[in-house]
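Please open the structure in your viewer and keep the sequence panel visible beside it. The tour below suggests what to select at each stop and tells you what you will find there.

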Amino acid sequence: MATPINIDKMATFCKQKGFIYPSSEIYGGISGFFDYGPLGSELKNNIKQAWWKFHVQDREDIVGIDGSIITHPKVWVASGHVENFEDVMLECTKCRERYRGDVLIEDMLKIQADGLKADDINKLVKQNNINCPKCKSPLGEAAPFNLMFQTNVGPKAAKDSVAYLRPETAQVMFVDFKYIVENARLKLPFGIAQIGRAFRNEISPRNFLFRCREFEQMEIEYFIHPEKSNDCPFLKSVESHEIFVWSEEMQKKKQKEKKMKIKEALEKGIIKTAWHGYWLATEHKWFISLGADPDKFRIRQHLSEEKSHYALDTWDLEYNFPFGWKELQGMANRTDFDLQQHIKHSKKDLSLFDEQEKKKIVPHVVAEPSQGVDRAFLVMMFDAYNQDPKDKERDWVVLKLNPKIAPIKVGIFPLVNKLEDDAREVYESLKTLFTCQFDRSGAIGRRYARADEIGIPYCVTFDFDSREDKSVTIRDRDSTKQVRVKIEDLKNTLYQLIVGEIEFEKAGKLIKQK
Ligand code: ATP
């Protein structure tokens, strides 16, 4: 069980240990931007690699791309972002603090306010006498604010050189659709995946990494035949998967979320299509595969008034953060909206030929799992953070990150300095396979503590007996148990431990501890 800490404490811990720094802090910082430090960049890369392996490399039906951040500006006209990618802004008439309207309403009135228009927000502010939370003065009129960052392409800043930093990775998957389908010889159903940066000029970035102005997304557009939204060949693999479900009806009746099997949610018509059920369960399973606590997640259906106009049904995968249940991943059934928009605006044919029915079809995106990397990073950190005040032996933080994503997999220590050369030999043999840290300074207990705090799952100690018995001790971060392992078996044993193929106690000869 993780130890609950608030978001500010997490930010401080991440900074102290080299996971995340506020961007350009020596110049006073810039709100909504962060730098990943030595450990943070390793952890973030591991999360992205785990996502890519699970969603792309381990599957036959999904291929990946890596598109450009700046595209032709017409892409964002066709997608609707130039006209509609807005949040409603409220500004204090006195201290000039700015708030995102729906977030302020949600915080003050504890109601769902995502998607409310400026008029609705103005009404709610007046009806409920909501003032500036900071200085208590009246708020000004709510007004829409487009979140896209603008730039100019080429040496002249003019109206016709305006371009945008992409606010999501998704559109490139539609724009390159025809090429990708042909090159990868894709047949429906199939998905296109991408990981990359996105930029949003958020009105009030807050909660550390949760809402940034520059962030990364891991997204899939999953395409199906328009008439086959229930024809999901993978459904069996998730039917008995359990998850907390919070449907529109439950929200309107003020009921709590309820744990149920995907099969039940589909049979009761709560989740409308088999494909949507499959993807919601699959995304939950991805987090669980990396060690996250399953019961801290729920799927929440968008209310009719909150849903985008083109979406048939939208669910968010939410996580119970210390600052409340929040969206981790959005998953809309976008139908053929995006492809049709790009067909209309580019005047290019983006349809596919249905061999069976001998006609052209425009595939539907039955689900668009859209995950923020930085929010996934936060989940992993909150789930891993442990500090037990009752633990007499370990009065430090133990970061119980799943070994698969831990930034450093193995710590290698000589018990005393005169064994350094021997321990280094072990380090040299391991470092090509795993991210390793060699640590010779301080008492062994201190070195274990340092390793625990940054989540190193296994520490290998070369001691006085090692030269004789050609063995070393592996210590397990989570249990502090130790096993003795032959040096010649070390690589293999560590690999099996990291991927979860063997239990620690069976990894070698268990050492009795006093
Ligand atoms: P929110 O309602 O929290 O602003 P959204 O519904 O606008 O999010 P989407 O457009 O669905 O978000 O983006 C997909 C995912 O990208 C989100 O679920 C989240 O994980 C991530 N994301 C979006 N905006 C941000 C941000 N400002 N900072 C970090 N991650 C973000």
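What follows is a walk through a predicted model, taken one selection at a time.

**Stop one: a sheet of three strands**

Begin by selecting strand E4, residues 86-91, together with strand E5, residues 98-100, and strand E6, residues 143-146. These belong to an open sheet of three strands in the order E5-E4-E6, and their pairing is antiparallel. Which strands stand at the edges? They are E5 and E6, each of which has a single partner strand, so one side of each is left without a neighbour in the sheet. If you look along the sheet, you can follow its twist, which averages 45 degrees from one strand to the next.

Now keep E4 and E5 in view, since these antiparallel strands are joined by three bridges. To find one of the paired positions, select Leu90 and then its bridge partner in E5, which is Tyr99.

**Stop two: the loop after E4**

Stay in this region and select Thr93, which has its place in the loop between E4 and E5. Is Thr93 buried or partly exposed? Its relative accessible area is 40%, so Thr93 counts as partly exposed. Leaving aside residues up to four places away in sequence, Thr93 touches Ser137, Pro138, Leu139 and Gly140. Select Cys132 as well, and you will see that its C-alpha atom and that of Thr93 are separated by 8.5 Å, although the two residues are 39 residues apart along the chain.

**Stop three: two helices on the sheet**

Next, add helix H5, residues 101-109, and helix H6, residues 118-127. H5 lies across E4 and E5, running at about 80 degrees to E5, whereas H6 packs on the sheet by touching E4 and E6, with a direction that makes about 30 degrees with that of E4.

Turn the view until both helices can be seen together, because their axes come within 10 Å and cross at roughly 35 degrees. The crossing in which H5 passes H6 is left-handed. To see the contact itself, select Gly101, Asp102, Ile105 and Leu109 of H5, and then Ile121, Leu124 and Val125 of H6. Sorted by class, this contact of H5 with H6 has five nonpolar residues, one polar and one charged.

**Stop four: a covered helix**

Move along the sequence to helix H13, residues 373-384. At 1.5 Å a residue, its 12 residues should span 16 Å, and its end C-alpha atoms are 17 Å apart, which agrees. How many of the residues of H13 are buried? The count is 12 of its 12 residues, and among them are Asp374, Arg375, Phe377 and Asp383.

**Stop five: a sheet of six strands**

For the last stop, select the open sheet whose six strands are arranged in the order E22-E21-E23-E24-E25-E26, with mixed pairing. Strand E22, residues 436-438, and strand E26, residues 509-510, stand at the edges with a single partner strand each, so one side of each is left without a neighbour in the sheet.

Within this sheet, look at strand E23, residues 458-462, and strand E24, residues 471-476, which run antiparallel and are joined by four bridges. Cys459 has Arg475 as its bridge partner in E24.

Finally, show helix H14, residues 420-430, which packs on the sheet and touches E21, E22 and E23, its direction making about 160 degrees with that of E21. Helix H15, residues 444-453, lies across E21, E23, E24 and E25, and it runs at about 170 degrees to E21.

Terms used. Residues numbered from 1 in each chain as written. Predicted model: local features only at pLDDT ≥ 70, side-chain atom pairs only at ≥ 80, totals over all residues. Heavy atoms only, no water. Axes fitted to C-alpha atoms, helices over the stretch in contact; angles between N-to-C directions. Left-handed = near helix turned anticlockwise from the far one by under 90°. Contact = heavy atoms within 4.5 Å. Nonpolar A, V, L, I, M, F, W, Y, C, P; charged D, E, K, R; others polar. Pairing = 2+ DSSP bridges. Expected span 1.5 Å × (residues − 1). Buried < 20%, exposed > 50% of the residue type's maximum accessible area, 1.4 Å probe, protein only.
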